[in-house]
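Notebook open, model loaded. I want to go through the hollow spaces, the strands, the rings and the odd backbone spots.

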Amino acid sequence: MRLCIAVLVCLLPSAARAQNAFRPEWSIGASGGVNLSSVSFSPKVQENLLTGYQGGLTLRWNTDRNLGLQVELNFKQQGWEENFDELDVPEGADYRFLRRMNYVEIPFMTHIYSGGDRVKFFVNLGPQIGLLISEHTEENLNGATPQNINAQHSLHADKKIEWGLGGGPGLEIRTGIGSLLLEGRYYYALSDFYNTRHQDAFSKASSQAISLRLAWLMPLR
C-alpha cells in the first residue's frame, strides 16, 4: 500500500505537467494600418510627419508559453513632407514638397506575450529589411529654394536596400475563428537611402516611422 502511494505521489506531478504542457501554435493572417514617417537628415531639414499606408501578410509561431517568432511580408509607404511655416518664404507663397517612398519589407520579430485565454498583451521586437520599389514627389516650388539646404529636392534614393529595428506593444483578442490584434510600432532605419560620403550633400538620411496596425490571424490546425 505504501508503495502504491509513493508511486502515485511521483506520477501526479508528471501527469499535471503533461496536462499543462504547451503545444506550439501556428497562425497566419493579414494586417493593415497607417504610418506617420519622417527622415533624420543631417544637415537638418524642417519637416512634418508624412501619412502613408502599410499592410501585408503575417506568419506567427508561438514556440513556447509567452514566447514566439513572427515573420511578415509588407508593403509600406514612408518618406517626408517639408515644413516651410518657420522659414523665410515670400509673402503669400504656399510651398509644398513631399517625397513618398514605397517599400516591400520583411520584419523578423520576437513575439513576447502574456495574459488569459481570450485577451493577451504582447510586444514585438526585431530587425527588418526593405526594398525600395518606387518613389514619388509632390511639389509646387517651381525652382524656389526655401530651405537652408535644398539638395533633397532634386536627389532620388541612391540605395534601394534599407534595414533597421522596429517594435512595439499590442493587444490580442482571441475568438473561436481567429485573433484580432491591435499594435503600435516604431521603426528606425540604421541605413541611409542617400550616399553619405564627405563630398555628398547629407551625412545622414535615415527613415523613421510610427505605425498603428490591425491584424487578423487564423490558427493553423
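**Largest pocket**

I started by asking which strands feed the lining of the largest pocket. I found that β1 (25-42), β5, β7, β8 and β9 each put in at least two residues. The top contributor is β9, with four residues. Worth jotting down here: this is a predicted model.

Then I looked up the volume, and the largest pocket holds about 670 Å³ of space. Its lining runs to 26 residues, and those closest to the centre are Arg23, Glu25, Arg174, Pro219 and Arg221. I sorted the lining by class and got nine nonpolar, eight polar and nine charged residues.

**Cavities**

Next I wanted to know how many cavities of 30 Å³ or more turn up in a search of the whole structure. The search gives two.

The largest cavity comes out at about 120 Å³. I count 13 residues in its lining, with Asn35, Glu105, Gln128, Tyr187 and Ser211 nearest the centre. Strands β4, β8 and β9 each give at least two residues to that lining. By class I have three nonpolar, six polar and four charged residues for the largest cavity.

The second largest cavity has about 60 Å³ of space. I noted residues from its lining, among them Thr58, Gln70, Glu72, Phe122 and Asn124. Also on that list are Leu181, Glu183, Arg213, Ala215 and Leu217. Here β4, β6, β8 and β9 each supply at least two residues, and β9 gives the most, with three. The class split for the second largest cavity is four nonpolar, three polar and three charged.

**Overall layout**

I stepped back to the whole chain. It has one helix and nine strands, and along the sequence the helix comes ahead of the strands, in the pattern α-β-β-β-β-β-β-β-β-β. Of its 221 residues, 40% count as buried.

**Strand pairing**

I checked how β5 (residues 97-115) meets β6 (residues 119-139): they run antiparallel and are joined by 17 bridges. The connection between β5 and β6 is a hairpin through three residues. For one bridge I looked up the partners, and serine 114 goes with phenylalanine 121 in β6.

On to β6 and β7 (residues 161-175), again antiparallel, with 13 bridges between them. Across this pairing I see glycine 126 opposite glycine 166 in β7.

**Rings**

I ran the aromatic pairs and got 10. One of them is tryptophan 80 with phenylalanine 193, which is stacked, at 6.0 Å centre to centre and 15° between the planes. The two rings come from distant parts of the chain, 113 residues apart: tryptophan 80 sits in β4 (residues 67-82), and phenylalanine 193 in the loop between β8 (178-189) and β9 (204-220).

Are these two buried or exposed? Tryptophan 80 has a relative accessible area of 0%, so I log it as buried. Phenylalanine 193 comes in at 4%, so it gets the buried label too; the cut-off is under 20%.

I also traced a cluster of ring pairs, which links Phe41, Trp80, Phe97, Phe193, Tyr194 and Phe202.

Then I looked for charges over rings. Lysine 76 shows up with two rings: its charged end is 5.6 Å from the ring centre of tyrosine 103, and it lies over the face of tyrosine 187 at 4.0 Å from the ring centre. Tyrosine 187 was already in my notes, as one of the residues nearest the centre of the largest cavity.

**Backbone oddities**

Which peptide bond is cis? I have serine 42 to proline 43, with omega about 5°. Proline 43 belongs to the loop between β1 and β2 (47-48).

I also noted positive phi values outside glycine. Asparagine 66 has phi near 75° and is in the loop between β3 (50-64) and β4. Asparagine 142 has phi of about 55° and is in the loop between β6 and β7.

Why do I file these asparagines under separate accessibility labels? Asparagine 66 is at 34% relative accessibility, so it counts as partly exposed. Asparagine 142 has a relative accessible area of 77%, so I put it down as exposed, the cut-off being over 50%.

Technical notes
Residues numbered from 1 in each chain as written. Predicted model: local features only at pLDDT ≥ 70, side-chain atom pairs only at ≥ 80, totals over all residues. Heavy atoms only, no water. Phe/Tyr/Trp six-rings, centres within 6.5 Å; stacked < 30°, edge-to-face > 60°. Buried < 20%, exposed > 50% of the residue type's maximum accessible area, 1.4 Å probe, protein only. Lys NZ or Arg CZ within 6 Å of the ring centre and 35° of its normal. Pairing = 2+ DSSP bridges. 1 Å grid on protein atoms, 1.4 Å probe; cavity = no way out; pocket = protein on both sides within 12 Å on 5 of 7 lines; lining within 4 Å. Points joined across faces, edges and corners; volume = space filled by probe spheres on them. Nonpolar A, V, L, I, M, F, W, Y, C, P; charged D, E, K, R; others polar.
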